[in-house]
Amino acid sequence: MPELPEIEAIVQQLAARTTGKVVVAGHLVAFSALKTYAVGLEALAGLEISGVSRRGKFIDMDAQGVHLIFHLARAGWVTWHPRVPASLPRPGKSPLALRVELDDNSGFSLTEAGTQRHLSIYVVTSPDEVPGIAALGPDPMSEDFTVEVLSGILRDAGRGQVKGVLRDQKLIAGIGNAWSDEILHTAQLSPFKPANTVDAAELHGHIRRVLSDALEAVRGVDMAKLKDAKRSGLKVHGRAGESCEVCGATIAEVSFADSSLQYCPGCQTGGKPLADRRMSKLLK
C-alpha cells in the first residue's frame, strides 16, 4: 500500500505535470470505484487544474474548485502517460479504473491490481465531503503535529498497542503498515507496547526522522520506480527471515486476519518472540 512518502512523491509529480492544463475528459472503467454521484466526472471537462495536494493517503486534484480525489488503497497505482492511449479496455477486463485525458494529449491512469477492489474515487466541491478526509488526524509532517499533540494521542489510546495507534488514520494521517514497522524498529519499541507507556518526545523524533528520510529517498524518483525505491529503503517490513542490519537477529513476523507486521526481536522485544495472533482483528 502506498503511504505518506510515496503518495507525496506522486503528488509532486502530478502537480508538476498537470498544473495549468485543462481536463478534456475522465474515462471511468471500474464503475464501482466512483464513490460520489452528486457531481459527475463530466464536471471536470474544460476545467484547468490549479493544483495537486496530499491529504493523508488521499490525492486531491483541484480543477477550479471541483476536486478529483482518489485513495489508492492496497493495490492501486498511478501511471503517467506522455500521450494517452488511443483506446480503453472493456470494464472488468483490465486493472484500469480511471483515465484522465488533458488538453495536450497527456494524462494519467488509476489502476488496481488483484481481485479485491478497494481503490476509491471522489468528485466533490470540497475535500471535507470525503468521509475519510473529514475524519483524518494530524499529518505527522505538519507543524501542527507537535510532541504535545502526540502525547495526547498516546495518552487517550490508553493500553492500546502503539502499532495500531500509528496506523489509525483518525489519529495520525498517512502512516500505514510498512512505515509504522520501520518507525517502531528505529525507536526500538515493541509493536504491542501500550501506547500510554511510550515516551512521546522520543517517538515524535523517530516518526519525523524515518518519514523525512523516506521522503528524501523518493524525491525525484519516477512514479514507475517508486515501489522499488520503497522496498529498498525498508529495514524490517517485508523482510521476515532476513538478518537485521542493526543487531543481526532474524527478523520475525506476526500474522493477522488480513495483514502482518515485521519486527526485530533483538532490537525491539529483548530477544523474545511475539505471539502470532493470526486470527486477531486488532490491526484491520
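These legends go through the predicted model from the whole chain down to one helix.

**View 1. The whole chain, with eight helices and 10 strands.** Helices are DSSP runs of H or I with at least four residues, strands are E runs of at least two, and both are numbered from the N terminus. The C-alpha trace spans about 60 × 35 × 35 Å along its principal axes. Residues are numbered from 1 along each chain as its sequence is written. Local features need pLDDT of at least 70 and side-chain atom pairs count only at pLDDT 80 or more, while totals for chains, interfaces and linings use all residues; side-chain values use heavy atoms, with hydrogens and water left out.

**View 2. Inside the chain.** Of the 284 residues, 51% are buried, meaning under 20% relative accessible area with a 1.4 Å probe, protein chains only. Take the contacts (heavy atoms within 4.5 Å) with a separation of 6 or more: 66% of them come from residues 24 or more positions apart.

**View 3. A close look at helix α3, residues 147–157.** Which residues of α3 are buried? They're L150, G152, I153 and L154. As a reminder, residues three or four places apart in an α-helix point the same way, because there are 3.6 residues a turn.

**View 4. The neighbours of α3.** The buried residues of α3 pack against two helices: α4 (162–167) and α6 (200–218).

**View 5. Just past the end of α3.** Here sits G158, with a positive phi of about 60 degrees.

Notes: Buried means under 20% relative accessible area, exposed over 50%, partly exposed in between (1.4 Å probe, protein chains only).
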